[in-house]
Amino acid sequence: MSRSNHQGKKKTRRTAKRRRFISILILILLLCISSVIACKTLYKEQEKSDTTGNTEQEYDNKKEDKSKDDKSSKNKTSKGYTIVTKDGVTSIDGIKIVNKTYSVPENYGNGLTPECEKAYKDMQKDMQELNLPCKMRTGYRSCSMQREIYNKYVREDGKANADTYSARPCYSEHHLGECMDVNSLDQSFGDTPEGKWIADNCWKYGFIIRYPKGKEDITGYMYEPWHIRYVGKSLAKKLYNGGDWIPLEEHFGITSKYPD
């Protein structure tokens, strides 16, 4: 073989090697580019997924917050007071509420509260010094006792009439141990010296006339000058209202209506 032919073959082999090297470099470059594109695509999909997840979480959080707001609004009276129910007993601003809308559990209570009993004795003592009789006729009542009383009135006067002056079992304030009936269970008691004194002064001891005259549509009961409820001196003074008694329902913005 001539020297020129040998050199030509060497040159051809070098060119072939160079081409293979360039091809490999191009292949590597294409693989790198593909990897970068794949990574970017994956990142965008992940970012989209995270955004969607965050949006869904934000939506769930908003739903939860709205649910809380809705629940909170349902636990507000028409005047903005918070209604709290614990162990089946409803309270508003620290005052336990029992009327035709709000009841207590069957076995609730066991007598007058110490605060109510003391306030009554203090008032009774002051009335006696003025030669005004003050005798508690009934204080705490169990649901079973109220059931007997209510059913008796229903038999005598019918359910519609009984509902105007007697509470159904578990719907009577007497279950709380924070109220009492004094002296005479007759509306004429309000015109007696002791009845007038109680109406004008019981608030000083923390009592209110629970079912005032002219408020029957609000309280759900007829006028009862003998029924006094202990709520504490501060609230009692507000409800006294200069002698124009405000019932709890009107003060708090709640109803007094049986479910049926």
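This text walks through the fold, from the whole chain down to its sheets, two helices and one buried arginine.

The model is a predicted one. Its chain has 260 residues, and 37% of them count as buried. The secondary structure comes to 8 helices and 7 strands. Look next at how the chain meets itself. Among contacts with a separation of 6 or more, 67% join residues 24 or more positions apart. The chain exposes about 16,400 Å². Carbon and sulfur atoms supply 52% of that area.

Start with the sheets. Strands of a sheet pair through backbone hydrogen bonds, either parallel or antiparallel. One open sheet here has 3 strands in the order β1-β2-β3, and its pairing is antiparallel. β1 (83-86) and β3 (95-97) stand at the edges. Each has a single partner strand, so one side of each is left without a neighbour in the sheet. On average, neighbouring strands of this sheet are turned by 40° against each other, direction ignored. Strand β2 covers residues 89-92, and 3 bridges join it to β3. One residue pair to find is Thr90 and its bridge partner in β3, Ile97.

The other open sheet to visit has 4 strands. Their order is β4-β5-β7-β6, again with antiparallel pairing. Here β4 (136-138) and β6 take the edge positions. Each of these two has a single partner strand, so one of its sides lacks a neighbour in the sheet. Neighbouring strands of this sheet are turned by 50° against each other on average, direction ignored. β4 pairs with strand β5 (residues 179-182) over 2 bridges. Thr138 stands opposite Asp181 in β5.

Now turn to helix α5, residues 193-201. Its buried residues are Glu194, Gly195, Trp197, Ile198 and Asn201. Seen down the axis of α5, they fall within an arc of 165°, so they line one face of the helix. What covers them includes three strands, β5, β6 and β7 (224-230), together with helix α2 (114-129).

Helix α7 spans residues 233-240. Which of its residues are buried? They are Leu235, Ala236, Leu239 and Tyr240. Viewed down the axis of α7, these residues fall within an arc of 140°, so they too line one face of their helix. The face turned away from this buried side carries exposed residues: Lys233, Ser234, Lys237 and Lys238. The buried residues of α7 pack against β3, α5, β6 (207-211) and α8 (248-252). That list links the helix to strands from both sheets, since β3 belongs to the sheet β1-β2-β3 and β6 to the sheet β4-β5-β7-β6. Just after α7 comes Asn241, which takes a positive phi of about 55°.

End at a single side chain. Arg210 is found in strand β6. Is Arg210 buried or exposed? Its relative accessible area is 1%, and residues under 20% count as buried, so Arg210 is buried. What surrounds Arg210, leaving aside its neighbours within four places in sequence? Its contacts are Val98, Asn99, Glu173, Thr219, His227, Arg229, Pro247, Leu248 and Glu249. Among these, His227 and Arg229 fall in the range of β7, 224-230. Leu248 and Glu249 fall in the range of α8, 248-252.

How values were computed. Residues are numbered from 1 along each chain as its sequence is written. This is a predicted model: local features need pLDDT of at least 70, side-chain atom pairs count only at pLDDT 80 or more; totals for chains, interfaces and linings use all residues. Side-chain values use heavy atoms; hydrogens and water are left out. Two strands pair if DSSP finds at least two bridges between them. Axes are lines fitted to C-alpha atoms, for helices over the stretch in contact, and angles run from 0 to 180 degrees between N-to-C directions. Buried means under 20% relative accessible area, exposed over 50%, partly exposed in between (1.4 Å probe, protein chains only). The arc is that of the directions from the helix axis to the C-beta atoms. Contact means heavy atoms within 4.5 Å. Accessible areas come from the Shrake-Rupley method with a 1.4 Å probe; for residues, only the protein chains shown count as cover.
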